[in-house]
Amino acid sequence: MLIKRHADIPSSEITPENLYHNRREFLRTATAALGAAAAGSMLPGCVQGEAKSEAATPEPVQTKKPGPYDTSEKATPYEDITAYNNYYEFGTDKADPAVYAKNFKSKPWTVSVEGMVKKPAKYALEDLIKGIPTEQRIYRMRCVEGWSMVIPWDGFPLAELIKRLEPSPQAKYIEMKTIYDPAQMPGQRDAVLNWPYTEGLRLDEAMNPLAIFATGIYGKPIPNQDGAPIRLVTPWKYGFKGVKAIATIRFTDKQPLTAWLQASPREYGFYANVNPEVDHPRWTQKNERRIGEFFRRPTLMFNGYADQVAKLYTGLDLRKNF
């Protein structure tokens, strides 16, 4: 059997090309723009040229007003958040996760806590996070491929869990791994990446109030295709940092070898901070396409969260440590 490796994946699968050729997205944004210009009103969103039934697919509502960490920008529709994403464990096409993750079993769920920590153990997820208050954060999310969304996440600050687990003073990093289960995750049967998917943060990054573990979207439990039952969200970093279906948390004094850094170190650095001045070798990062909008917009430094996170990188060469 032919196994696709990172270098063999067609550029259309890992660049924004399919976004520009996505008929559904083009029709929806073009129809909205033309309708507003011609009649001052918008038709319902279209999928493959057919009107979407609002009664059949009601849009969830945001559950709170924007808070101190939130953007006031219009949130991306739930339908788009759950139908267009990267989750290579279920396939390399943006539509694959919604198709192949339908039967993924996210309950019951166990998380193994390991390494330089006072309370290592295998925890049932509900026991691990019991008592940590959940809140909603409305965050801009920027993909390294040039597209972005605004997502109302439901979750809790990662810092609260770290404090509960009590890492040792020698621990400098937190490493997180997705569950390894090729029977449920067909993408793991191919050597696209070195499975299980691994990501990590410096502990001071993980303790920043913006870093959360998400368990829901729009007030609903997080769908399988978006990382159920628990995933990392760091809105000032590119989306590939957002490890999903987390099954292992390890505290260490060494920088973790993350999945994309291992696959292509020239293209995907450990820090992955959104930086319009540091281009990907194959495309610019100076602008982005917000899902649901027709025109591109300038990319913001740290995705617009510089006030909250820039101090974490004082003295660090952000071109070298990209």
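**Rings, charges and hidden spaces**

Okay, let's start with one contact: Lys241 lies over the face of Phe270, at 4.3 Å from the ring centre. By "over the face" I mean that NZ of Lys or CZ of Arg is within 6 Å of the ring centre and within 35 degrees of the ring normal. Arg140 does this too, over the face of Tyr305, at 5.1 Å from the ring centre.

Before I go on, a word on the model. It is a predicted one, where local features need pLDDT of at least 70 and side-chain atom pairs count only at pLDDT 80 or more, while totals for chains, interfaces and linings use all residues. Residues are numbered from 1 along each chain as its sequence is written, and side-chain values use heavy atoms, with hydrogens and water left out.

Back to Phe270, then. How many aromatic pairs does a search of the whole structure find? There are 15, counting rings of Phe, Tyr and Trp (its six-membered ring) with centres within 6.5 Å; planes under 30 degrees apart are stacked, over 60 edge-to-face, and the rest tilted. Phe270 pairs with Tyr173: the centres are 6.0 Å apart and the planes stand at 80°, so this one is edge-to-face. Tyr173 sits in strand S7 (residues 173–178) and Phe270 in the loop between helix H9 (259–263) and strand S13 (287–290), so the pair ties together parts that are 97 residues apart in sequence. Helices (H or I, at least four residues) and strands (E, at least two) are DSSP runs, numbered from the N terminus.

Are Tyr173 and Phe270 buried or exposed? Both are buried, which here means under 20% relative accessible area; exposed is over 50%, and partly exposed is in between (1.4 Å probe, protein chains only). Ring pairs also link Tyr173 and Phe270 with Tyr271, Phe302 and Tyr313 into a cluster.

Now take Phe294 and Phe295. Their ring centres are 5.2 Å apart and their planes are at 90°, so that pair is edge-to-face as well. Phe294 is partly exposed at 39% relative accessibility, and Phe295 counts as exposed at 62%.

On to charges. Side chains of opposite charge can pair when their charged atoms come close. The whole structure has 18 salt bridges, meaning a side-chain nitrogen of Lys or Arg within 4 Å of a carboxyl oxygen of Asp or Glu. In one of them, Glu73 meets Arg297 at 3.2 Å, N to O. That one links distant parts of the chain, with Glu73 in the loop between strand S2 (50–51) and helix H4 (78–83) and Arg297 in strand S14 (residues 297–298), 224 residues apart. Glu73 is partly exposed at 23%, and Arg297 is partly exposed at 25%.

Glu135 and Arg137 make another salt bridge, with their closest N and O atoms 2.6 Å apart. What's the status of each partner? Glu135 is partly exposed, at 32%, whereas Arg137 is buried, at 4%.

Then there's Glu277 with Lys286, at 3.4 Å between the closest N and O atoms. Salt bridges that share partners also build one network out of Glu73, Arg140, Arg142, Glu288, Arg290, Glu293 and Arg297. You've met Arg140 already, over the face of Tyr305.

Last topic: empty space. On a 1 Å grid over the protein atoms alone, a cavity is a set of points where a 1.4 Å probe fits but cannot get out, and a pocket is an open set with protein on both sides within 12 Å along at least five of seven lines; lining residues have an atom within 4 Å of a point. There are two cavities of 30 Å³ or more. The largest holds about 500 Å³ of space, with volume being the space filled by probe spheres set on the points, which are joined across faces, edges and corners.

Which residues lie nearest the centre of the largest cavity? They are Asn86, Cys143, Gly239, Phe240 and Lys244, out of 32 lining residues. Strand S5 (135–142) and strand S6 (147–157) are the elements that give two or more residues to that lining, and S6 gives the most, with five.

Finally, the second largest pocket has a volume of about 280 Å³. Its lining has 13 residues, and the closest to its centre are Ser106, Lys107, Leu125, Pro221 and Pro229.
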